[in-house]
Amino acid sequence: MKRYVVPDLYVEIMLSDRLYDLVGGLNARGQLRVWNNIAKSAMSEELVKHHKRRIPGHFKRGAASKYGYMRRTDKYQQIKFKIWRSETDLVKTGRTRLFITAGRQIRIVGGASSSRTWGAIIGQLVMRLPFPGTRENPLSKGVSINQMKKEITATTDEERSDMQFGFLDRVQQKFAKFEGGQRMFYRSK
């Protein structure tokens with residue numbers, strides 16, 4: 001079965017001076033590598049957490065008011081309930097919810113010395129739809145596929161703040177556990 005991409009959720013976090021200080025100024029190339037590995041790992045973990053804990057909330061009853069979903073008409077809601085027994089926005093049979101919550105792809109770009117991202121770490125959460133994302137009916141007055149995509153990737157200010165602080169906490173925890181490069185030397189007698 002073909003899967004179609006939902007607009008990616010991008011999370012961009014600028015690296016603060018406080019975090020740079022954790023590795024002593026990031027002068028040496030080895031320190032930059034350590035910083036980038038830890039920051040990318042922390043961003044990846046935070047996006048996995050977002051996908052597991054926050055994305056399923058988009059398919060629950062209270063999500064329309066929380067994320068600002070476009071209003072569905074009363075007639076549409078009545079027909080949807082009559083046929084599919086669903087009162088939740090974005091859910092008819094549950095197939096879309098299953099596809100979105102079951103699979104994810106994470107891409108991380110950037111780093112402390114990246115000229116392309118100006119020292120930012122950018123995380124990208126890719127989710128897929130079970131139907132073509134270009135399937136649009138110009139005569140339809142209801143919610144379009146593009147509107148559904150926006151609703152699925154919507155985040156609140158509180159969620160964005162949680163992601164930022166979660167990232168910072170993870171970075172600090174990883175630096176606290178970091179013991180530096182360890183090499184094993186073997187000698188023959």
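Asp157 is exposed, with a relative accessible area of 59%, where exposed denotes over 50% relative accessible area, buried under 20% and partly exposed the range in between, for a 1.4 Å probe and protein chains only. Its partner in a salt bridge is Arg160, and the closest N and O atoms of this pair are 2.2 Å apart; a salt bridge is taken here as a side-chain nitrogen of Lys or Arg within 4 Å of a carboxyl oxygen of Asp or Glu. Arg160 counts as partly exposed at 39% relative accessibility, and both residues belong to helix 7, where they are three residues apart, about one turn of the helix. Helices (DSSP runs of H or I, at least four residues) and strands (runs of E, at least two) are numbered from the N terminus.

The model is predicted, and local features therefore require a pLDDT of at least 70 and side-chain atom pairs a pLDDT of 80 or more, whereas totals for chains, interfaces and linings use all residues. Residues are numbered from 1 along each chain as its sequence is written, and side-chain values use heavy atoms, with hydrogens and water left out.

The secondary structure of the protein chain comprises seven helices and five strands, which follow one another along the sequence in the pattern β-β-α-α-α-α-α-β-β-β-α-α. Of the 189 residues in the chain, 38% are buried. With contact defined as heavy atoms within 4.5 Å, 71% of the contacts between residues at least 6 apart in sequence join residues at least 24 apart. The chain exposes about 12500 Å², of which carbon and sulfur atoms supply 50%; accessible areas come from the Shrake-Rupley method with a 1.4 Å probe, and for residues only the protein chains shown count as cover.

The structure holds 11 salt bridges. Side chains of opposite charge can pair when their charged atoms come close. Glu46, which is buried with a relative accessible area of 2%, forms one salt bridge with Lys49, the closest N and O atoms being 4.0 Å apart, and another with Arg170, for which the corresponding separation is 2.8 Å. The pair of Glu46 and Arg170 links distant parts of the chain, since Glu46 lies in helix 2 and Arg170 in helix 7 (residues 157-177), 124 residues apart. Glu46 and Lys49, by contrast, are three residues apart in helix 2 (residues 29-54) and so are separated by about one helical turn. Lys49 is partly exposed, with a relative accessible area of 23%. A network of salt bridges links Glu45, Glu46, Lys49, Arg54, Arg170 and Lys174.

Aromatic rings were also examined. A pair of aromatic rings is described by the distance of the centres and the angle of the planes. Rings of Phe, Tyr and Trp (its six-membered ring) pair if their centres lie within 6.5 Å, and planes under 30 degrees apart count as stacked, over 60 as edge-to-face and the rest as tilted. The structure holds one aromatic pair, formed by Tyr67 and Tyr69, which is stacked at 6.3 Å centre to centre with 20 degrees between the planes. Both partners are buried, Tyr67 with a relative accessible area of 10% and Tyr69 at 8% relative accessibility.

A further ring interaction involves Arg85, whose charged end sits over the ring of Phe81 at 5.4 Å from the ring centre; the criterion is that NZ of Lys or CZ of Arg is within 6 Å of the ring centre and within 35 degrees of the ring normal. Arg85 lies in the loop between helix 4 and helix 5 (95-102) and counts as exposed at 60% relative accessibility. Most residues other than glycine have a negative phi, and most peptide bonds are trans. Arg85, although not a glycine, has a positive phi of about 60 degrees. Leu90, also not a glycine, has a positive phi of about 70 degrees and is placed in the loop between helix 4 and helix 5, but Leu90 counts as buried at 9% relative accessibility.

Ile79, Ile83 and Trp84 form a nonpolar patch on the surface, with about 290 Å² of accessible area together. Patches are made of residues with over 30% relative accessible area and no salt bridge, like charges being joined within 9 Å and nonpolar side chains (Val, Leu, Ile, Met, Phe, Trp, Tyr) within 5 Å. Within this patch, Ile79 is found in helix 4 (residues 74-84) and is partly exposed, with a relative accessible area of 40%.
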